[in-house]
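Here are a few friendly notes to read alongside the model. I have kept them short, so you can check each point as you go.

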Amino acid sequence: MLEILNLTVVRGQGPGQHSISLPALSLASGDVWAVTGESGCGKSTLLEAIGLLLKPETIGHFELGRTDVAALIQQGDEPALARLRAEKLGFVLQQGGLLPFLSIRDNITLPRRLLGLPAWSERLAHCCTTLRLESALDKRPAALSIGERQRAAFIRAIAHEPDLLLADEPTAALDPHHAYTLLELFLALVREMGMAALIVSHDWPLVQGFGLPRITACSMPGATTFELVG
Ligand SMILES: Nc1ncnc2c1ncn2[C@@H]1O[C@H](COP(=O)(O)OP(=O)(O)OP(=O)(O)O)[C@@H](O)[C@H]1O
C-alpha cells in the first residue's frame, strides 16, 4: 500500500538547517508503526512529507496504492496531489483540529461531504459506537472533554476510509489509562478497516505495551535518519 525509498526533507536554512531522511519504508494493509524520537528530531516533519503536506528535497520512490506519487511530486502536479491527500490519507493532529463552529456530527462528516460521498455511513455509525461518541454528536467541540475531542478527531480522520492514517501524538493530552484505552480502540478500528497507520508518540511505555514496531530517529546535529526497528 505504501512504498518509500530515499526520502529526504530539509527544514530551515543556513546554520539552523535540519535534514531528515527515511531510507526505506514499506507498509501493507493493517500495518501500524510508531514513530519515536526525541523532541525536535523531525517526527512531525516526516509525517508531513509522507502526508504530502511538505515537498521532499529528494525522493527515490514513493508509491501510495497504485499511484506513483514521486512522479506527481516531480511534475509538480498539485491538483493530483491534493486529490490523493483528500482521498487516500487521514490525519489526526496533536490538538484535534476540530472546527469549533460545527457540531461533532458535521465535523466528522466533513471529509466525506467534501469528496461527494454520502455524509453518513454504517461504518461511521459503528466507529461512533465503538468509541462511545453517539451522545456527543450534536454538541460543539467546546462542550466535550479532551478525550471525547480526540476520539472525534480520530473518527473524522477515518470517516472517508483512507488507505493510510497519519496520527501526530493522538493521545498526548490524556492520562495513561485513557491513552491506553484510546490507542487500543484506534488499533482495533485501523486493523478492522484494513488501513495502515503511522503514529507519532513520545510515550515509549504505551508503544511498547502494544508491541508496535518502531520507526525511530537516529540524530546528529542538523541531521536525522529514521530507522526501522521491527
Ligand atoms: N516550519 C518550519 N520551518 C523551519 N524549521 C522548522 C519548521 N518546523 C519545524 N522545523 C524544525 O525542523 C526540525 C524538526 O521539527 P519537528 O517538529 O518535525 O520535530 P518533532 O520531532 O516532531 O518535535 P516534537 O516532538 O517536539 O513535536 C526542528 O529542528 C524544528 O525546529
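**Notes on the fold**

1. The chain contains 8 helices and 10 strands. Its radius of gyration is 17 Å, close to the 17 Å from the globule rule for 230 residues, so the chain is as compact as a globular protein of that length. Please keep in mind that this is a predicted model.

2. On overall dimensions, the C-alpha trace spans about 50 × 40 × 30 Å along its principal axes. Of the 230 residues, 36% are buried. Taking contacts between residues at least 6 apart in sequence, 72% join residues at least 24 apart.

3. Now to the sheet: it is open, has 10 strands with mixed pairing, and follows the order β5-β4-β1-β2-β10-β9-β3-β8-β7-β6. The edges are β5 (67–68) and β6 (89–92); each has a single partner strand, so one side of each is left without a neighbour in the sheet.

4. Strands β2 and β10 (residues 223–229) run parallel and are joined by 3 bridges. Within this pairing, Ser-21 has Thr-225 of β10 as its bridge partner. Helix α1 (residues 43–50) packs on the sheet, where the strands it touches include β2, β10 and β8. The direction of α1 makes about 155° with that of β8.

5. One residue you may like to look at is Ala-24, which sits in strand β2 (residues 18–27). Ala-24 counts as partly exposed because it has 14 C-beta neighbours inside 10 Å. Beyond its neighbours within four places in sequence, Ala-24 is in contact with Ile-4 and Leu-5. Leu-98, 74 residues from Ala-24 in sequence, lies 33 Å from it in space, C-alpha to C-alpha.

Key: Residues numbered from 1 in each chain as written. Predicted model: local features only at pLDDT ≥ 70, side-chain atom pairs only at ≥ 80, totals over all residues. Helix = DSSP H or I, 4+ residues; strand = E, 2+ residues; numbered from the N terminus. Rg over C-alpha atoms; globule rule 2.2 N^0.38 Å. Buried ≥ 20, exposed ≤ 12 C-beta atoms within 10 Å, placed from the backbone. Contact = placed C-beta atoms within 7 Å. Pairing = 2+ DSSP bridges. Axes fitted to C-alpha atoms, helices over the stretch in contact; angles between N-to-C directions.
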